[in-house]
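Got the viewer open? Let's take a walk through this one together, a selection at a time.

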Amino acid sequence: MIPPSLPPDEAHRLQALRGLCVLDTPSEERFDRIVRTAAKLFRVPMALVSLVDEGRQWFKARVGLDGSETPREHSFCGHAILGSSTFVVPDAVRDVRFHDNPFVIGEPFVRFYAGHPVRAPDGSRVGTLCLIDSTPREFSDAERAALADLAAWVELELDAITVRLAHEALREQQRLKTEFISTVSHELRTPLTSIRGSLGLLTGGVAGPLPGPVAEMVDIAHKNSERLIRLINDILDLDKVEAGKLDLYLEVADLAPLLLHAAQAHQGYAGEYGVRVELELDASGARARVDADRLEQVLANLLSNAIKFSPRGEPVTLRLSRHAGRLRVSVEDRGPGVPEDFRARIFQKFAQADGSDTRRRGGTGLGLSIARALTERMGGALDFTSAPGAGTTFWFDLPECPPEAK
């Protein structure tokens with residue numbers, strides 16, 4: 001008997017085999033069906049899906065054989081994985097490699113063997129689909145081709161398992177990440193809220209007038225604490241959106257007063273950038289079913305973005321109109337426009353158009369993702385149009401409620 005030699009890529013092959021996560025797993029009908037088909041098609045008493053690890057061949061599926069594994073040194077499959085084509089032994093008794101093999105001179109008295117390599121997704125030959133008979137026989141080219149087709153079926157099933165495991169691992173990774181972000185965010189928000197409150201009191205003069213340099217430093221710390229809290233709130237909101245746990249309280253409301261409040265609330269912020277907010281109401285009596293607080297959050301995000309990217313002296317226009325049978329709320333700026341290579345991912349989480357420019361203006365890269373999710377929850381759709389050097393308009397459409405709706 002001549003034991004099988006090790007493939008040149010043995011270490012990589014074993015890694016690919018372990019990556020399949022199928023060794024020593026229970027039988028599955030998806031593989032059992034293949035060996036039954038093979039045994040019937042080729043009229044052999046035994047058919048196996050065999051995987052070869054360091055010291056054994058283990059049978060993921062088998063028909064006509066009781067054991068679940070055999071030593072690798074005695075295996076025919078150990079020889080079969082050394083090549084890429086079908087490995088055939090017409091008569092084991094007449095083959096110097098197998099004539100005194102324990103499985104040839106004893107149960108199951110192997111005389112004929114045909115095995116086609118089965119590959120992992122990376123191409124490593126990890127095992128075989130093999131046929132065994134206790135009677136010598138020849139194996140035609142047509143039969144070799146048919147066995148190769150069935151081996152490809154095994155590979156498809158292994159690929160399906162790999163994809164499933166990858167999805168499960170990704171879901172678990174996402175769960176752990178979400179849990180971590182949520183926990184850390186909650187733990188940070190409480191002390192930061194306290195810090196912001198204390199700094200706000202100092203800025204407001206509760207401890208008396210502060211020296212000029214001290215007042216400036218306290219003001220910087222206060223603004224940055226507010227920025228951190230906004231980031232944490234955005235992360236928590238996004239966490240709730242993705243988990244389907246963000247509750248909205250939808251009520252029929254007049255949109256004009258909500259937009260007026262949003263425009264007025266942002267005039268001070270706009271003044272810091274030398275920009276003004278203009279309100280144009282072109283849809284009288286416009287009513288929609290919205291969560292007023294969440295709508296204000298959407299408008300705040302769109303307006304603050306437009307203000308940050310507008311040239312000094314230019315207006316930002318908040319407009320309410322009717323469009324194609326729906327109410328349209330739009331925020332228009334006269335800024336540089338959205339870069340072409342950024343448009344496809346502008347609504348993705350943590351998306352930033354340009355590190356130097358966007359970071360200078362601030363922002364978390366979460367606002368638009370949250371705004372789109374909120375508008376969709378209110379039955380709307382958020383999108384934008386932009387042209388280089390001609391500004392950007394973000395808009396969302398909402399279903400209009402009739403006057404009698406409550």
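Start by selecting α9 and α11, whose crossing is left-handed. One thing to keep in mind as you look around: this is a predicted model. α9 covers residues 292-308 and α11 covers residues 367-377. Their axes sit 9 Å apart, and the two helices pack at an angle of about 145 degrees.

Now show side chains where the pair meets. On the α9 side, pick Arg294, Gln297, Val298, Asn301, Leu302 and Asn305. On the α11 side, pick Gly367, Leu368, Ile370, Ala371, Leu374 and Thr375. Colour that contact by class and you'll get six nonpolar, five polar and one charged residues. Wondering about the spacing of those picks? An α-helix has 3.6 residues a turn, so residues three or four places apart point the same way.

Stay with α11 for a moment. How many of its 11 residues are buried? Eight are, so α11 is largely enclosed by the rest of the structure. To see them, select Gly367, Leu368, Ser369, Ile370, Ala371, Ala373, Leu374 and Thr375. Next, bring up what lies over them: the cover includes α6 (212-243), α9, β12 (381-387) and β13 (391-398). Then step past the end of α11 to Gly379, which has a positive phi, near 85 degrees.

α6 is our next stop, and Ser225 is the residue to select in that helix. Is Ser225 buried or exposed? With a relative accessibility of 4%, Ser225 counts as buried. Measure from its side chain to the backbone oxygen of His222 and you should read 2.6 Å. If you set aside neighbours within four places in sequence, Ser225 touches Arg196 and Leu199, so add those two to your selection.Last stop: the cysteines. Select Cys77 and Cys130. What separates their sulfurs? The distance is 3.8 Å, and the sulfur of Cys130 is the nearest cysteine sulfur to that of Cys77. Seen from the other end, Cys77 likewise has the nearest cysteine sulfur to Cys130. A disulfide needs sulfur atoms within 2.5 Å, and neither Cys77 nor Cys130 is in one. Searching the whole structure turns up zero disulfides. Switch on a surface and look for these two: Cys77 is buried, at 1% relative accessible area, and Cys130 is buried too, at 0%.

Technical notes: Residues are numbered from 1 along each chain as its sequence is written. This is a predicted model: local features need pLDDT of at least 70, side-chain atom pairs count only at pLDDT 80 or more; totals for chains, interfaces and linings use all residues. Side-chain values use heavy atoms; hydrogens and water are left out. Axes are lines fitted to C-alpha atoms, for helices over the stretch in contact, and angles run from 0 to 180 degrees between N-to-C directions. Helices (H or I, at least four residues) and strands (E, at least two) are DSSP runs, numbered from the N terminus. A crossing is left-handed if the near helix is turned anticlockwise from the far one by less than a right angle, and right-handed if clockwise. Contact means heavy atoms within 4.5 Å. Ala, Val, Leu, Ile, Met, Phe, Trp, Tyr, Cys and Pro count as nonpolar, Asp, Glu, Lys and Arg as charged, and the others, Gly among them, as polar. Buried means under 20% relative accessible area, exposed over 50%, partly exposed in between (1.4 Å probe, protein chains only). A polar contact is a pair of N or O atoms within 3.5 Å; within protein, one must be able to donate a hydrogen and the other to accept it, and residues adjacent in sequence count only if both atoms are side-chain atoms.
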